[in-house]
Amino acid sequence: MKSLTILFRHAPHSTAHGREGLDLALLSASFEQTVRLIFVDEGVLHLIDNQDSELIGTKDYIATLKALPLYDIEEVYACQQSCMDLSLDPAALRFNAQPLLAKEISQQLSVANEVLVF
Amino acid sequence: MVPSGAILFLGNHMSKIIIVVNGSVYGATASRRALKYTQAALTEGHEITRVFFYQDGVYNTSALVSPASDEFDLVQEWQQLAQAHDVELVNCVSAALRRGVLSAQDAQENQKEQYNLAKGFQMGGLGELVTGIEASERMVSF
């Protein structure tokens, strides 16, 4: 069993990165890998409440994030600095995302067996 | 991204490596770098457990990609590499279907008149990426 850390760097909806990263996260977890998610840069925008992407003609894949606990993905992190840069309150993020400092993110990346960036 | 000197980092130890290709066949350099890295790793005696195509990487597997005659033909290069070194080239089928790359079977199942998966490539699922990562010492993504 390996530990995979999946990093989300892109804003949701405008590209397929987030969706395809999330697909991989759930699939890996169903293969009983240890999966951690880290949202950084504009990727933290996945964690804003009350998004309705169907209004802009894309599938609401973010709703799938609600299923993370069912897949035993319990470690969800967000870059605190990225939240601040985008005027998001790190305490108000969805899916129990925990804010991390840059050096804590580096630490997470160094302990993972593999890191996949989306 | 691959750290520069990744091959040096592997040193003399023969590694088992899985390659993940996320970049399109044209318009970006990622897949060409993936090909070159894979060729170099094989030349150095490393084992490539699988080349997995995900995201826009699936465009590398379309038989309809037709570069001008004086241009680099990546699809053909992947095919030759697979044949020469017996390396598996596996697509994520969901990513491929969404982007219009279909095998004969996919075409039949989706009531399409045509298919275009190039010879030498096969359809698989993300599960093959995960088991590939599990079976490899190292994953390198492009």
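Here are a few notes on strand E1 of chain A and what surrounds it, taken from a predicted model.

1. Start with the sheet as a whole. Five strands of chain A form an open sheet with parallel pairing, in the order E4-E3-E2-E1-E5. Strand E4 (98-100) and E5 sit at the edges, each pairing on one side only. From one strand to the next, the twist averages 30°.

2. Now zoom in on E1(A), which covers residues 3-8. How many of its six residues are buried? Six of the six are, so to speak, tucked away: the strand is mostly covered.

3. That cover applies to both faces. Side chains in a regular strand alternate between the two faces of the sheet. Here one side of E1(A) has Ser3(A), Thr5(A) and Leu7(A), the other has Leu4(A), Ile6(A) and Phe8(A), and all are buried.

4. Next, the neighbours. On pairing in general, strands of a sheet are joined through backbone hydrogen bonds. E1(A) runs parallel to strand E2 (residues 34-39) of chain A, with six bridges between them, and parallel to strand E5 (residues 114-117) of chain A, with four bridges.

5. Thr5(A) is a handy residue to click on. It stands opposite Arg36(A) in E2(A) and also opposite Val115(A) in E5(A). Leu4(A), meanwhile, stands opposite Glu114(A) in E5(A).

6. Finally, the helix. H1(A), residues 17-30, joins E1(A) and E2(A) in a right-handed β-α-β unit. H1(A) lies across E1, E2 and E5 of chain A, and runs at about 165° to E1(A).

Technical notes. Residues are numbered from 1 along each chain as its sequence is written. Chains are lettered from A and ligands numbered from 1 in the order in which they are written. This is a predicted model: local features need pLDDT of at least 70, side-chain atom pairs count only at pLDDT 80 or more; totals for chains, interfaces and linings use all residues. Side-chain values use heavy atoms; hydrogens and water are left out. Buried means under 20% relative accessible area, exposed over 50%, partly exposed in between (1.4 Å probe, protein chains only). Helices (H or I, at least four residues) and strands (E, at least two) are DSSP runs, numbered from the N terminus. Two strands pair if DSSP finds at least two bridges between them. A crossover is right-handed if, with the strands pointing away from the viewer, the path from the first strand over the helix to the second runs clockwise. Axes are lines fitted to C-alpha atoms, for helices over the stretch in contact, and angles run from 0 to 180 degrees between N-to-C directions. Contact means heavy atoms within 4.5 Å.
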